[in-house]
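Hi,

Here is the structure I said I would pass on. Have a look at it first, and then read my notes underneath.

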Amino acid sequence: LVYAGVGNTNNNSTPTNRRQYNNMSGTKRNADSNGCNGTEKDAPPPTKKMSDGGNATTSDAATNEQSSKKNDSLTSKDYYFDSYSHHGIHEEMLKDQVRTRTYQLAILNNKHLFEGKIILDVGCGTGILSMFAVQAGAAHVYGVDCSGIIESAKRIVKDNGMEDKITLIKGKIEEIDLPVKEVDIIVSEWMGYFLLYESMLNTVLHARDKWLKPGGVIFPDKAVMYISALEDEQMKFERIDFWENVYGFNMSVLKEAALKEPVVDIVDPKHIVTSADHILNIDLNTCTEKDLSFSSPFRIQAERSDYVHAFVAYFECAFTNIHKPLGFSTSPQSKYTHWKQTIFYLSEPMTVCEGEEITGTITCKPNVGNVRDLDIELDVKFDGSRSKVDTHIEYRLR
């Protein structure tokens, strides 16, 4: 498998400082199970317009009260459509050269698959993958997205002279009808944090079952997720243990909450303590929605004597149904991507010696209240010479 522009690097050129936790800096990528991607932001507080006397007017106050009540009743699902309408998240993804360049190479280097074919772009966003497909010779591309960004995408397509080749449809994949009965290829950038966050893969599978012709191709078609362990004392202290003493006050109740929320951040490869084990293999040609809820055992071995403060998960994606298989990795050893890595902190560190094994099981399923969120459980067992652990921790990625 060729990794496009990835290679094994030491992350020297990563554009984000590890201290800038993604879910603390205000941007979080997510998508609903309807073929759309999005960022998740807290609803902004109502802004009071001030009269000359410096007080909010009665009408403004009423408006603000109604807005406040509306915001209070909304969930992260409700913010989905508006959030992905903003150009900022698309800028972040387009500037992710590993992501975008891999798709570009996979499409343009396989024109024999695209020439004269009908393409479906699931969650098309700005239309970049649709335009790559036209460059590769596609007869026509149907791009589907349910966020407001599709209005900008229509202008982008027109400005690049491709309006006769690309039809953009605003709506949910599960609810729309295409002007054609089947498509030859489905392209989609469906991956989220921890690979499955966003539940967008369900939408791709729905499109596959409804429109992909027998023998059709999905871009990409394979994904594998891995887990390993890391030493992360400093960041655990700053993010988790911080709550034990906040300006002299005990806020440990928030430590419990922080511990249950995985952190999406960049991991320095030098902090990796163990080998890695795969915990999920996905073949988009054959998998079903049930396969996306999983429970997988893992066994990893300490490669040096150190402390383990957390587990880290990352994934690889591949285009294998092409002339020369191509893929990319989000591992700590690979070039930066906007997916970074997903970190699961332990309440107490483990003391491991080189050669000792950590075993466990990781379980993942969509949250019942919000299927875009993930409920993840870790069962960890370790019987080392200097510490012993048998613990169960529940997390929620949201």
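**What I found**

Let's start with Glu357, which counts as partly exposed at 37% relative accessibility. One thing to keep in mind throughout: this is a predicted model.

Glu357 is worth opening with for its partner. Its side chain meets that of Arg299 in a salt bridge, 2.8 Å from N to O. This pair ties together distant parts of the chain, as Arg299 belongs to strand E12 and Glu357 to strand E16, 58 residues apart. Arg299 is partly exposed too, at 49% relative accessibility. Elsewhere, Lys236, Asp241, Glu244 and Lys255 form one network through salt bridges that share partners.

The two strands are also paired through their backbones. E12 (residues 294-301) and E16 (residues 357-366) run antiparallel, with 8 bridges joining them. If you want one position to click on, try Ser296, whose bridge partner in E16 is Ile362.

So which side chains of E12 are buried, and which are not? Phe294, Ser296, Phe298 and Ile300 point to one face and are buried. Ser295, Pro297, Arg299 and Gln301 point to the other face and are not buried. That is the pattern to expect, because side chains in a regular strand alternate between the two faces of the sheet.

Back to the charged pairs: the count of salt bridges comes to 17. Besides the one between the strands, here are two others to look at:

- Lys95 pairs with Glu91, their closest N and O atoms being 2.6 Å apart. Lys95 is exposed, because its relative accessible area is 58% and the cut-off is over 50%. Glu91 is partly exposed at 35%.
- Glu175 pairs with Lys172 at 4.0 Å, N to O. Here Glu175 is exposed, with a relative accessible area of 60%, while Lys172 is partly exposed at 27%.

Next, two polar residues that sit in helices. Thr100 is in helix H4 (residues 97-108). Is Thr100 buried or exposed? It is buried: its relative accessible area is 12%, and anything under 20% counts as such. A polar atom of the Thr100 side chain lies 3.1 Å from the backbone oxygen of Met93. Neighbours within four places in sequence aside, Thr100 is in contact with Met93, Leu94, Ile128 and Phe132. Leu129 is 29 residues away from Thr100 in sequence, yet their C-alpha atoms are 8.6 Å apart in space.

The other one is Asn202, in helix H8 (residues 201-211). Asn202 also counts as buried, because its relative accessibility is 17%. Setting aside neighbours within four places in sequence, Asn202 is in contact with Glu289 and Leu292.

Finally, the nonpolar interior. The largest nonpolar core has 95 residues, and the members that touch the most others are Phe194, Leu195, Phe219 and Phe311. Take Leu195 as an example: not counting residues up to four places away in sequence, Leu195 touches Trp190, Ala223, Met225, Leu280, Ile282, Phe315 and Cys317. Another core, of 12 residues, lies apart from the largest one, and its members include Met235, Leu259, Val263 and Val267.

If you only have a minute, go to the Arg299 and Glu357 salt bridge and then to Leu195 in the largest core.

Cheers

Technical notes: Residues numbered from 1 in each chain as written. Predicted model: local features only at pLDDT ≥ 70, side-chain atom pairs only at ≥ 80, totals over all residues. Heavy atoms only, no water. Buried < 20%, exposed > 50% of the residue type's maximum accessible area, 1.4 Å probe, protein only. Helix = DSSP H or I, 4+ residues; strand = E, 2+ residues; numbered from the N terminus. Pairing = 2+ DSSP bridges. Contact = heavy atoms within 4.5 Å. Polar contact = N/O pair within 3.5 Å; in protein donor to acceptor, adjacent residues only side chain to side chain. Core = buried A, V, L, I, M, F, W, Y, C linked by side-chain atoms within 4.5 Å.
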